[in-house]
Every structure is written in structure tokens, then in C-alpha cells.
Amino acid sequence: MERVLGELDSKVIVDPATTAPLNIYKLLVGTVVPRPIAFVSTISPEGVANLAPFSFFTVASANPPVLCFTTSFREPRKDTLVNVRATKEFVVNIVSEEFADKMNATSAEYPYGVDEFAVAGLTPVASDLVRAPRVKESHVNMECKLLQTVEVSNQPLGGTLVLGEVVRFHINDAIIEEFRIDPDKLGAVGRMAGNTYSRTRDRFELIRPQIVKK
Ligand SMILES: Cc1cc2nc3c(=O)[nH]c(=O)nc-3n(C[C@H](O)[C@H](O)[C@H](O)COP(=O)(O)O)c2cc1C
């Protein structure tokens, strides 16, 4: 890597316009960390369940509750995107440390029509309002109705943003008190670069400053 340093602060300067997309990808997944993981379950129009993890994932709105995740571009399109577009529904399941290995097992590029619940030994449970099943082992399942997909880029390593409104939450009774989730009991994991993950048990507190109006 050729190092061009900025005059003001001696930081390495990278111009995406002249840098290989794979290297830009490495910068993004190495710096936007840790990323939460949407473990997305869908169902095909033929009724075959599908399950895959997506770490380009966040909350887009709390009122109404809207989640979004990105499926990276490839042809044929990822099974999750194919199913979401066909059925307009999906479930986001939260990944905890105790079954992170099973989540990882679902991420291999299985051909369309393979049920990753069966591959990973995870348990499908019927949802209330969508046809896609939920993951029983997840402490939290969020049933979603598709709002829209946004084709951000159809270049290699580009992607399609999927936005869905949460129409039902299912939360393990043991991890919730007055709408507050116990993070230790949830034990969510984050994705770092490559094959590494972070835990969420090492935390610290910062009290947000209040502006006192005179
Ligand atoms: C932790 C983790 C996070 C991932 N995040 C993404 C992501 O954000 N976007 C994406 O397109 N693929 C992501 N992948 C890869 C997909 O899970 C993989 O391509 C999967 O086979 C897609 O399944 P599908 O074709 O059944 O939808 C991730 C894989 C892992 C293990």
C-alpha cells in the first residue's frame, strides 16, 4: 500500500475513486465496528425457509419501528433478497453468543432452496403476522413487513438496502423488565472485520450532559 500522508495531521489519505473496491471494503468493515447482526429469516413463495446473517444492519426509525440491512450485490441475487422481494416480509432475529457458531453455519453460500434452519440445527417457530418463521434460539425476534428496497449500487461489493417495519416483537420474558433489555442476558455479538466478533459484556457508562436553560 502506497502511503500518502496528509499535511495537517499526517493521517493516511485514501481516495475511493482510485482505490480497489476490495480495499475500500476492508477499510469500511474494519472501521465501522462492531456491527450488530441481523439474522434474517425469510420464506420462498414455494414455502422453503431461509436464514442468513447481515451485519450491514441498523435501526432506521423508532416511530414507526423500522429496521434496515444491506444485501451485497451479486448475480444471482442473495436468497434473502429474492424472498423479501417476492413475499414482502421477513423476520430479524438477534444473535447471542451461545449460538453464534450456528449463525455462522448459515452464512455459507448455499444454493437457493436450501433451508439453513436445518443446516445449522436451529429451530423454526411460526410467526404471528408474517409467513417467515422465527428463530426459537434467539432471545428477540422482530416480524417485519417490507417498506422498500433501495438499489444503492449494482457494482461488485455494492448493495441493496432493505427497509422493513417491525409489526411484532417477541422477547424472552427472562431478559426484559419494563421495556428495558438486560444486555448481559441478551449476550448479543457484534461483527468485526474478517472472521472476528465482539461481545457486548464489557461496557462503560457516560452520563449525557444536560443544558440548563436560564
Ligand atoms: C456475521 C456475518 C455478517 C454478514 N453480513 C452480510 C451483510 O451485511 N451483507 C451481505 O450481503 N452478506 C453478509 N454476510 C454474508 C451472507 O450471510 C451470505 O452471503 C449468505 O450466504 C447469504 O444468504 P442467502 O443467499 O440465503 O441470503 C455476512 C456473513 C456473516 C457470517
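In the predicted model, Val-150 touches Thr-160 and Leu-161, leaving aside residues up to four places away in sequence. Val-150 is found in strand 9. Val-150 has 11 C-beta neighbours inside 10 Å and therefore counts as exposed. The C-alpha atoms of Val-150 and Val-162 lie 6.6 Å apart, with their positions 12 residues apart in sequence.

Val-212 was examined next. This residue sits in the segment after strand 14. Val-212 counts as exposed because it has 5 C-beta neighbours inside 10 Å. A separation of 51 Å was computed between the C-alpha atoms of Val-212 and Pro-124. Along the chain, these two residues are 88 residues apart.

The protein chain as a whole was then described. Its secondary structure comprises 5 helices and 14 strands. The C-alpha trace spans about 60 × 55 × 35 Å along its principal axes. The chain has 214 residues, and buried residues make up 28% of them. Among contacts with a separation of 6 or more, 61% come from residues 24 or more positions apart.

In soluble globular proteins, nonpolar side chains tend to be buried together. The largest nonpolar core of this model has 33 residues. Ala-38, Phe-39, Val-40, Phe-69 and Val-92 have the most contacts inside this core. At least two core residues are supplied by each of strand 2 (38–43), strand 3 (49–54), strand 5 (65–72), helix 2 (79–87), strand 6 (89–94) and strand 9 (140–151). Ala-38 touches Phe-54, Phe-57, Leu-67, Phe-69 and Val-92, again not counting residues up to four places away in sequence.

Helix 2 contributes to this core and has several buried positions. Asp-79, Thr-80, Leu-81, Asn-83 and Val-84 are buried in this helix. The buried residues of helix 2 pack against strand 2, strand 3, strand 5 and strand 6. They also pack against strand 9 and strand 10 (159–171). Lys-88 follows helix 2, and its phi is positive, near 65 degrees.

Helix 2 also takes part in the surroundings of the ligand. There are 17 residues around the ligand, and Ala-52, Phe-56, Ser-72, Asp-79 and Thr-80 come nearest. Strand 3, strand 5 and helix 2 are the elements that give two or more residues to this shell. Strand 3 gives the most, with 4 residues. By residue class, the shell divides into 5 nonpolar, 8 polar and 4 charged residues. Two of the nearest residues, Asp-79 and Thr-80, are also among the buried residues of helix 2.

Strands of a sheet pair through backbone hydrogen bonds, either parallel or antiparallel. One open sheet of this model has 3 strands in the order 1-13-14, and its pairing is antiparallel. Strand 1 (35–36) and strand 14 (197–198) stand at the edges. Each has a single partner strand, so one side of each is left without a neighbour in the sheet. Strand 13 (residues 190–191) and strand 14 run antiparallel and are joined by 2 bridges. Within this pair, Gly-190 stands opposite Ser-198 in strand 14.

Methods: Residues are numbered from 1 along each chain as its sequence is written. This is a predicted model: local features need pLDDT of at least 70, side-chain atom pairs count only at pLDDT 80 or more; totals for chains, interfaces and linings use all residues. A nonpolar core is a set of buried Ala, Val, Leu, Ile, Met, Phe, Trp, Tyr and Cys residues joined through C-beta atoms within 7 Å. A residue is buried if 20 or more other C-beta atoms lie within 10 Å of its own, exposed if 12 or fewer, and partly exposed in between; C-beta atoms are placed from the backbone. Two residues are in contact if their C-beta atoms, placed from the backbone, lie within 7 Å. A residue is near a molecule or strand if its C-beta atom, placed from the backbone, lies within 6 Å of it. Ala, Val, Leu, Ile, Met, Phe, Trp, Tyr, Cys and Pro count as nonpolar, Asp, Glu, Lys and Arg as charged, and the others, Gly among them, as polar. Two strands pair if DSSP finds at least two bridges between them.
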